[in-house]
Each structure stands twice: as structure tokens, then as C-alpha cells.
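Here are my notes on the model you sent over. Have it open while you read, and take the points one at a time.

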Amino acid sequence: MAEVDWDARARQGTGWQSVIDPGDRDGLKNGLIDRIQWNAIEPWLRGRTRLLDYGCGVGRFARRVLEAGVAYTGVDASAAMIEAAVRGHEGLPAPLPSPRFLHAPQLPLPLADASFDAVLSVGVLQCLQTSEGSQLREAVADLARVLEPGGELLMIEQASASGRHSGSVSASTS
């Protein structure tokens, strides 16, 4: 499978199509996936104070995380995704703080050790597959580095019983 061009996806806009399934023209499938994912994230956020969203894309969780009272930092390897995230979150209503978005095209992340008590990764690690797994191991090790002792990593990934891919996943797992 060809690698996903995330910069091209970002130019599709700040909606779900850029980060979930670009083929979902009416948004029903993407809306359902987003709701299912948020239903897992929201209760997990309780008691958290500083969240890193690894592979944040257009920052689709940023506002909801901030509304839950948690400081938000999103990082993405795609400069266009980060630009779309910044544009999409300009002028949030008071008293919400501004989210922080960082372009991080390579590891290690430009973040201090133990600087987050929560790390979120949704649909990202499945895109880091290599035959020897080095890219995936390097990413998880760096997420552990920025996570404070006792902090938690929540990963939501797509799995397929059929082995077929869907949307942005170039190689699904079964």
C-alpha cells in the first residue's frame, strides 16, 4: 500500500475527512467513529492535567480536552496538519486556554522528559509499521520518555478481522 500523504489530507479542511476516512462524503461513518473514540477518551481524562496528543492531525480532540479542564499539546509530523489545527482553533471562547500545536517531523519529540501525565495516540501507531518494527518501538519509547512516572498512554488503533484497510489505514492489523 502507498503511504498516506497527510499534507494533502490536511488541505481537505479541518473536518473528519482529513483524519479519519476521506471517502466518507456525508460524514456519518466519520461522525460515528469520532463519537466512539471520544466516549473512550472522555472518562479517561478525569484527573489528568497535561495531555499530549501524538499525531493530533487537525486537533479534533483539542477543544473537548480543554473543555474538560486539561491542558492540551498536539504534535504531528505533517506541517499542513499543524497549520490546519492552528487555524481551526483560533479565537476559542473564554475562558478556554489556547491549545499548543507543534510540528514534529521526527523523533525525539521537541518536548521535555516527564512533561505530561497523559499521552493520547489515536490511529497513529498503526501507520508506523515497518518489517522490523523499529519505527514503532522508537515512537513508543519517546512517548514513554515524555510521560511522567505514573502517567498513562491511551492508544486507540484500528483493527480489522478481514485484513482489509479502510480510510487512512494503509496496513490494518487483525
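**Notes on the fold**

1. Let's begin with one residue: Q37 is buried, because its relative accessible area is 13% and buried means under 20%. Keep in mind that this is a predicted model. Q37 sits in helix α2, which covers residues 28-45. If you skip the neighbours within four places in sequence, Q37 is in contact with R60, F61, V122 and I156.

2. Now the sheet. Five strands make up an open sheet, ordered β3-β2-β1-β4-β5, with parallel pairing. Its edge strands are β3 (100-103) and β5 (147-156), and each of these pairs on one side only. From one strand to the next, the twist averages 20°. As background, strands of a sheet pair through backbone hydrogen bonds, either parallel or antiparallel.

3. Zoom in on one pair of strands. β1 (residues 50-54) and β2 (residues 71-76) run parallel and are joined by five bridges. Try finding Y54: its bridge partner in β2 is V75.

4. Which strands do the helices touch? Helix α4 (residues 79-88) packs on the sheet and touches β2 and β3. The direction of α4 makes about 165° with that of β3.

5. Next, the nonpolar cores. The largest one has 22 residues, and those with the most contacts inside it include I41, W44 and L120. Two or more residues come from each of α2, α3 (62-67), α4, β4 and β5. The most come from α2, which gives four residues. This is a pattern you'll meet again: in soluble globular proteins, nonpolar side chains tend to be buried together.

6. L120 is a good residue to click on. Leaving out neighbours within four places in sequence, L120 is in contact with I41, W44, L51, L52, D53, Y54, F61 and L154. Apart from the largest core lies another, of 16 residues, with L52, V124, A139 and L147 among them.

7. Finally, look at helix α5 (residues 134-146). At 1.5 Å a residue, its 13 residues should span 18 Å, and the end C-alpha atoms are 19 Å apart, which agrees.

8. Which residues of α5 are buried? They are A139, D142, L143 and V146. These four sit on the same side of α5, because they cover an arc of only 105° around the axis. Remember that an α-helix has 3.6 residues a turn, so residues three or four places apart point the same way. The cover over the buried residues of α5 includes β1, β4 and β5, while the face turned away from the buried side carries the exposed residues R137 and A144.

Technical notes
Residues are numbered from 1 along each chain as its sequence is written. This is a predicted model: local features need pLDDT of at least 70, side-chain atom pairs count only at pLDDT 80 or more; totals for chains, interfaces and linings use all residues. Side-chain values use heavy atoms; hydrogens and water are left out. Buried means under 20% relative accessible area, exposed over 50%, partly exposed in between (1.4 Å probe, protein chains only). Contact means heavy atoms within 4.5 Å. Two strands pair if DSSP finds at least two bridges between them. Axes are lines fitted to C-alpha atoms, for helices over the stretch in contact, and angles run from 0 to 180 degrees between N-to-C directions. A nonpolar core is a set of buried Ala, Val, Leu, Ile, Met, Phe, Trp, Tyr and Cys residues joined through side-chain atoms within 4.5 Å. The expected span of a helix is 1.5 Å times one less than its number of residues. The arc is that of the directions from the helix axis to the C-beta atoms.
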